[in-house]
Amino acid sequence: YNKALVMHLRTNPWDSWFARQQANCIAEIMDQLVFITENERKTWSNFSGRPLDGRVIYNIAGTNFSKNTQDRSVPNIERDPRYTIACISNYSYLRGVDRVIELAAEIKKQGGINKVRFVFCGNMSMTRSEAKMLGIDWSTETNLTTYADLLDVSEICVFVGHVSAPEKVLANVDALIKPTREANPWGRDILEGLAAGLPVFST
């Protein structure tokens, strides 16, 4: 069929032979490219060895988040005088969610246990290889709470599981965090945190 081919690129894969071959195929085959940010356009251009033309169309988040939302209750997240930082991302080693546990341990070490708490939303289960990288004995029940217990910070780490209305979480916290291990400090969680007017910590 004589149809134009358009591709939406929203990932930053690791540099590899496969990624470079993929980039060359995309450059040869696609008639138009759409990127989620300039960062992705730069990544794929570097892989292909030539500038890839294409529009950047940013992912958007609504601005209907408000601290004044009437129904902003979230199970297990009661209002608390401590500075509350949320991580609303399913567990992934590359997303660096476990680094928040390490941050909590450092805060406790420096005597800030009564000043800060962390709220984790999402699926916190981990694979055997992820557990091994953190020095955890893996079992089918292993998840990020295991790591919090191991570093003795369970009292300042609240795990609420999947939350279908993240705006309610954002209405009950003071900041958002995502210390990713990738060269990509973005994600839907970051956009929603910014849209909610929260300070966002990302790397």
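Hi everyone, let me start with charge: this protein carries 23 positive and 23 negative charges, and their mean positions lie 3 Å apart. Before I go further, please keep in mind that what you see is a predicted model.

Now the overall picture. The protein has 203 residues, and 39% of them are buried. Its secondary structure adds up to seven helices and eight strands. If you draw a box around the C-alpha atoms along the principal axes, you get roughly 60 × 45 × 30 Å. The exposed surface comes to about 11,800 Å², with 52% of that supplied by carbon and sulfur atoms. And if we take contacts between residues at least 6 apart in sequence, 69% of them join residues at least 24 apart.

Let's go to strand β5, residues 116-121. Is this strand buried or exposed? Six of its six residues are buried, so β5 is largely enclosed by the rest of the structure. You can follow the side chains on the model: Val116, Phe118 and Phe120 point one way, while Arg117, Val119 and Cys121 point the other way. Yes, that list includes an arginine, and Arg117 is buried along with the others.

Who are the neighbours of β5? One is strand β4, residues 83-87, which pairs with β5 in the parallel sense over five bridges. As an example, Ala86 has Val119 of β5 as its bridge partner. To get from β4 to β5, the chain passes through helix α3, residues 97-109, and this β-α-β crossover is right-handed. Another neighbour is strand β6, residues 157-161, which runs parallel to β5 and is joined to it by four bridges. Here you can look for Cys121, whose bridge partner in β6 is Gly161.

Next, please turn to the other sheet I'd like to show you. This one is open and has three strands in the order β1-β2-β3, with parallel pairing. Its edge strands are β1 (6-9) and β3 (55-56), each of which pairs on one side only. Between β1 and strand β2, residues 32-35, there are four bridges in the parallel sense. Leu9, for instance, has Phe35 in β2 as its bridge partner.

Two helices in the earlier part of my list deserve a stop. Helix α1 covers residues 17-29, and Cys25 sits in it. For those of you who like cysteines: Cys25 is partly exposed, with a relative accessible area of 45%. Its C-alpha atom is 8.7 Å from that of Ser48, although the two residues are 23 apart along the chain.

Then there is helix α2, residues 38-48, which holds Thr43. Thr43 has a relative accessible area of 16%, and it counts as buried because that value is under 20%. Which residues does Thr43 touch, leaving out those up to four places away in sequence? Thr43 touches Asn12 and Pro13.

Last stop: helix α7, residues 188-195. In this helix, Asp189, Ile190, Leu191, Glu192 and Gly193 are buried. What covers the buried residues of α7? The cover includes α6 (166-170), β7 (175-178) and β8 (200-202). After α7 you come to Gly197, which has a positive phi, near 75°.

To wrap up, if you take one thing back to the bench, let it be strand β5: six of six residues buried, with parallel pairing to β4 and to β6. Thanks for listening!

Conventions. Residues are numbered from 1 along each chain as its sequence is written. This is a predicted model: local features need pLDDT of at least 70, side-chain atom pairs count only at pLDDT 80 or more; totals for chains, interfaces and linings use all residues. Side-chain values use heavy atoms; hydrogens and water are left out. Helices (H or I, at least four residues) and strands (E, at least two) are DSSP runs, numbered from the N terminus. Buried means under 20% relative accessible area, exposed over 50%, partly exposed in between (1.4 Å probe, protein chains only). Contact means heavy atoms within 4.5 Å. Accessible areas come from the Shrake-Rupley method with a 1.4 Å probe; for residues, only the protein chains shown count as cover. Lys and Arg count as positive and Asp and Glu as negative; His and the chain ends are not counted. The place of a charge is taken as NZ of Lys, CZ of Arg, CG of Asp or CD of Glu. Two strands pair if DSSP finds at least two bridges between them. A crossover is right-handed if, with the strands pointing away from the viewer, the path from the first strand over the helix to the second runs clockwise.
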